[in-house]
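Welcome, and please open the structure in your viewer. We will move from the whole chain to single residues, one selection at a time.

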Amino acid sequence: MSEMRVKIHAMRGAQLPDKASEGAAGYDVRALLPPDTEIVLEPGDRFAVPTGLYFSIPKGYFITVRPRSGLAIRDGVTLVNSPGTIDSDYRGELKVLVINLGQKAVTIRSQDRIAQLLLERETPFQWEETPLENLDPTQRGAGGFGSTGLA
């Protein structure tokens, strides 16, 4: 399988996203803060954490920004817009929109791993407008939240 190449610019001090293990699907991305600066997220606080990374994603692809499970379980830190999407035509700095859903303050320092990135292929499609009764029937039907049981 040939590897896709994605152009990336890392500001001075920024680290390229990397995999924590050979079998990892996502590339960890790190905070890039000015020297002697840290972000303290109180419970409920949100912040756009700078990474110092800029991408040129090939047309037909996008990158999703996803939470790191360790931060989520240990500290209650996740992403406000999970998963976030970096479109192929965006050229600004990646800032990761974190939120503290935990019970105590969490400190983010420069080079802390704050999210993970996955490159994904866009699937072009078109909407085919149709009357409601022409939608393909299923056993579930219009059953919404919790309608498929607890197990």
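Here is a short tour, stop by stop.

**Stop 1: the whole chain**

Begin with everything selected, and keep in mind that this is a predicted model. Colour by secondary structure and you should find one helix and 11 strands. Following the sequence, the order reads β-β-β-β-β-β-α-β-β-β-β-β.

Now turn the chain around. Its C-alpha trace spans about 60 × 40 × 30 Å along the principal axes. The radius of gyration is 19 Å, whereas a compact globule of 151 residues would have one near 15 Å. Buried residues account for 29% of the 151 residues. If you display the surface, you are looking at about 11,000 Å² of accessible area, with 51% of that area belonging to carbon and sulfur atoms. Among contacts with a separation of 6 or more, 71% are between residues 24 or more positions apart.

**Stop 2: Asp28**

Next, select Asp28, which sits in strand E2 (residues 27-30). Is Asp28 buried or exposed? Its relative accessible area is 6%, so Asp28 counts as buried, the cut-off being under 20%. Show side chains here and add Arg113: a polar contact of 2.8 Å links the side chains of Asp28 and Arg113. Beyond its neighbours within four places in sequence, Asp28 also has contacts that include Pro17, Asp18, Ala20 and Arg68.

**Stop 3: an annotated set**

Select Arg68, Ser69, Gly70, Asn81, Thr85, Ile86 and Asp87 together; an unreviewed UniProt entry annotates these residues as "binding site". Do they all gather at one spot? They do not, because the farthest two C-alpha atoms lie 26.2 Å apart, although the set spans 20 residues in sequence. From this set, Asn81, Thr85 and Ile86 help line the second largest pocket.

Zoom in on Gly70, found in helix H1 (residues 69-75). Gly70 is partly exposed, at 24% relative accessible area.

**Stop 4: strand E8**

Move on to Thr85, in strand E8 (residues 84-86). Thr85 is partly exposed, with a relative accessible area of 47%. Leaving out residues up to four places away in sequence, Thr85 touches Phe62 and Ile63.

Then pick Ile86, also in strand E8. Ile86 is buried, at 6% relative accessibility. What does Ile86 touch, not counting residues up to four places away in sequence? Show Phe55, Ile57, Phe62, Ile63, Val65 and Leu94 to see these partners. For one of them, try a distance label: the C-alpha atoms of Ile86 and Ile63 are 5.1 Å apart, while the two residues are 23 apart in sequence.

**Stop 5: three backbone details in loops**

Select Ser82 and Pro83, which are joined by a cis peptide bond with omega of about -10°. Pro83 belongs to the loop between strand E7 (77-79) and E8.

Now go to Asp36, in the loop between E2 and strand E3 (38-41). Asp36 is not a glycine, yet its phi is positive, near 60°. Asp36 is exposed, with 85% relative accessible area.

Finish at Gln111, in the loop between strand E10 (106-109) and strand E11 (113-121). Gln111 has a positive phi too, about 80°, and is not a glycine. With a relative accessible area of 27%, Gln111 is partly exposed.

Definitions and conventions: Residues are numbered from 1 along each chain as its sequence is written. This is a predicted model: local features need pLDDT of at least 70, side-chain atom pairs count only at pLDDT 80 or more; totals for chains, interfaces and linings use all residues. Side-chain values use heavy atoms; hydrogens and water are left out. Helices (H or I, at least four residues) and strands (E, at least two) are DSSP runs, numbered from the N terminus. Buried means under 20% relative accessible area, exposed over 50%, partly exposed in between (1.4 Å probe, protein chains only). A polar contact is a pair of N or O atoms within 3.5 Å; within protein, one must be able to donate a hydrogen and the other to accept it, and residues adjacent in sequence count only if both atoms are side-chain atoms. Contact means heavy atoms within 4.5 Å. UniProt positions are given in the numbering used here, feature names are shortened, and annotations may be inferred rather than shown by experiment. On a 1 Å grid over the protein atoms alone, a cavity is a set of points where a 1.4 Å probe fits but cannot get out, and a pocket is an open set with protein on both sides within 12 Å along at least five of seven lines; lining residues have an atom within 4 Å of a point. The radius of gyration is taken over C-alpha atoms; the globule rule is 2.2 Å times the number of residues to the power 0.38. Accessible areas come from the Shrake-Rupley method with a 1.4 Å probe; for residues, only the protein chains shown count as cover.
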